Amino acid sequence: QMLPLTLGANIGTTITGLLAAMVSDNVDALQVALCHLFFNISGIVIWYPIPIMRRIPLRGARALGRATRRSRLVPPIYIIVVFFVIPLLLLGLSSLFMQKTVGFTVLGSFLVIGVILGLARFIWWWKKQEGLQKCLACLDRRTDMNNTMKTLPEDMQFLKSKVSQLVEHTGLPEDEEAGDAQKGSDGTAEVAAENEEVAVEDKEE
């Protein structure tokens with residue numbers, strides 16, 4: 001139900017930029033605004049009318065929602081990768097080919113090949129080597145660790161209260177327990193010293 005509203009909102013944002021470009025009397029600004037408008041229109045034509053194509057963004061949105069429930073790090077990572085890393089990478093590659101020199105063109109070609117191979121390796125790891133399950137397990141571990149750290153003070157207070165109840169139930173004060181433990185350690189040390197003296201005397205005899 002939210003997909004048509006989202007697509008309509010995308011068109012609405014482009015109309016605002018188009019109106020601003022028409023007021024500015026700048027051809028370049030108008031060209032960019034029209035590109036933005038027709039880019040969103042072409043996206044709607046590709047992804048919305050055909051039911052099979054419509055399932056792709058919906059499945060992606062559901063998968064992203066499930067991952068977000070597992071960890072709050074997923075949305076910022078998604079935003080950084082999709083809106084910063086990928087556009088800057090494509091912009092950098094395109095700028096290499098726009099230099100119109102052999103060196104930059106060869107460098108851009110090798111980088112494009114490297115990006116394609118890296119993407120293929122990532123897809124292989126994600127699909128064939130249980131990359132998805134490993135990522136989800138890592139998110140679950142981080143979530144469990146965060147929850148444990150949040151509840152640690154309460155757990156410590158609970159354990160202290162249980163220890164206090166146990167001491168009251170046995171009728172043994174904590175100081176007496178410590179004294180008995182100290183006496184026990186002292187007695188053990190004395191016995192060990194006596195055993196050493198006996199062993200030394202036996203050797204001398």
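Q: Ala, Val, Leu, Ile, Met, Phe, Trp, Tyr, Cys and Pro count as nonpolar, Asp, Glu, Lys and Arg as charged, and the others, Gly among them, as polar; how many residues of each class does the lining of the largest pocket have?
A: In this predicted model, the lining of the largest pocket divides into 16 nonpolar residues, one polar residue and two charged residues. Of the 19 lining residues, L64, A67, V74, Y78 and W126 lie nearest the centre of the pocket, and these five count as nonpolar because Leu, Ala, Val, Tyr and Trp are all in the nonpolar class.

Q: Which helices each supply at least two residues of the lining of the largest pocket, and what is the volume of that pocket?
A: The helices are α3 (51-70), α4 (74-97), α5 (102-128) and α6 (131-170), and the volume of the pocket they help to line is about 780 Å³.

Q: What is the volume of the second largest pocket, and which residues are the closest to its centre?
A: The second largest pocket holds about 530 Å³ of space, and 16 residues line this pocket, with L3, L7, N10, W47 and P57 the closest to its centre. Two or more lining residues come from each of α1 (2-24), α2 (27-47) and α3, and α2 gives the largest share, six residues.

Q: What makes N10 a polar residue, and how many residues of each class are in the lining of the second largest pocket?
A: Asn is named neither among the nonpolar residues nor among the charged ones, so N10 falls with the others, which count as polar. In the lining of the second largest pocket, ten residues are nonpolar, six are polar and none is charged.

Q: Why is the pair of R70 and D140 called a salt bridge?
A: The rule asks for a side-chain nitrogen of Lys or Arg within 4 Å of a carboxyl oxygen of Asp or Glu; the closest N and O atoms of R70 and D140 are 2.5 Å apart, so the pair meets the rule. R70 belongs to helix α3 and D140 to helix α6, so this salt bridge ties together parts that are 70 residues apart in sequence. By this rule the protein has a count of one salt bridge.

Q: What makes R70 and D140 partly exposed, as opposed to buried or exposed?
A: Partly exposed lies between the limit of under 20% for buried and that of over 50% for exposed. R70 has 31% relative accessibility and therefore counts as partly exposed, and D140, at 29%, is likewise placed in that class.

Q: How do you know that T14 is buried, and which residues does T14 touch?
A: Buried means under 20% relative accessible area, and T14 has 1%, so this residue of helix α1 counts as buried. Leaving aside residues up to four places away in sequence, T14 touches H36, L37 and N40. Across the protein, buried residues make up 8% of the 205 residues.

Q: Why is M2 called exposed, whereas L107 is called partly exposed?
A: The cut-off for exposed is over 50%; M2, in helix α1, has 56% relative accessibility and therefore passes this cut-off. L107, in helix α5, has 42%, which lies between the two limits, so L107 is partly exposed. The C-alpha atoms of M2 and L58 are separated by 9.8 Å, with their positions 56 residues apart along the chain, while L107 and L96, eleven residues apart in sequence, have a C-alpha to C-alpha distance of 7.6 Å.

Q: What makes the phi values of K100 and E130 worth noting, and where are these residues found?
A: Each has a positive phi although neither is a glycine, with K100 near 60° and E130 at about 55°. K100 is in the loop between α4 and α5, and E130 is in the loop between α5 and α6. With a relative accessible area of 76%, K100 is over the 50% limit and so is exposed.

Q: How many helices and strands does the protein have, and what is its mean pLDDT?
A: The protein has seven helices and zero strands, and its mean pLDDT is 80, with 82% of its residues reaching 70 or more. Over residues 176-185, however, pLDDT stays under 50, and the model has three contacts beyond four places in sequence for this stretch.

Note on methods. Residues numbered from 1 in each chain as written. Heavy atoms only, no water. 1 Å grid on protein atoms, 1.4 Å probe; cavity = no way out; pocket = protein on both sides within 12 Å on 5 of 7 lines; lining within 4 Å. Points joined across faces, edges and corners; volume = space filled by probe spheres on them. Helix = DSSP H or I, 4+ residues; strand = E, 2+ residues; numbered from the N terminus. Buried < 20%, exposed > 50% of the residue type's maximum accessible area, 1.4 Å probe, protein only. pLDDT = per-residue confidence, 0-100. Contact = heavy atoms within 4.5 Å.
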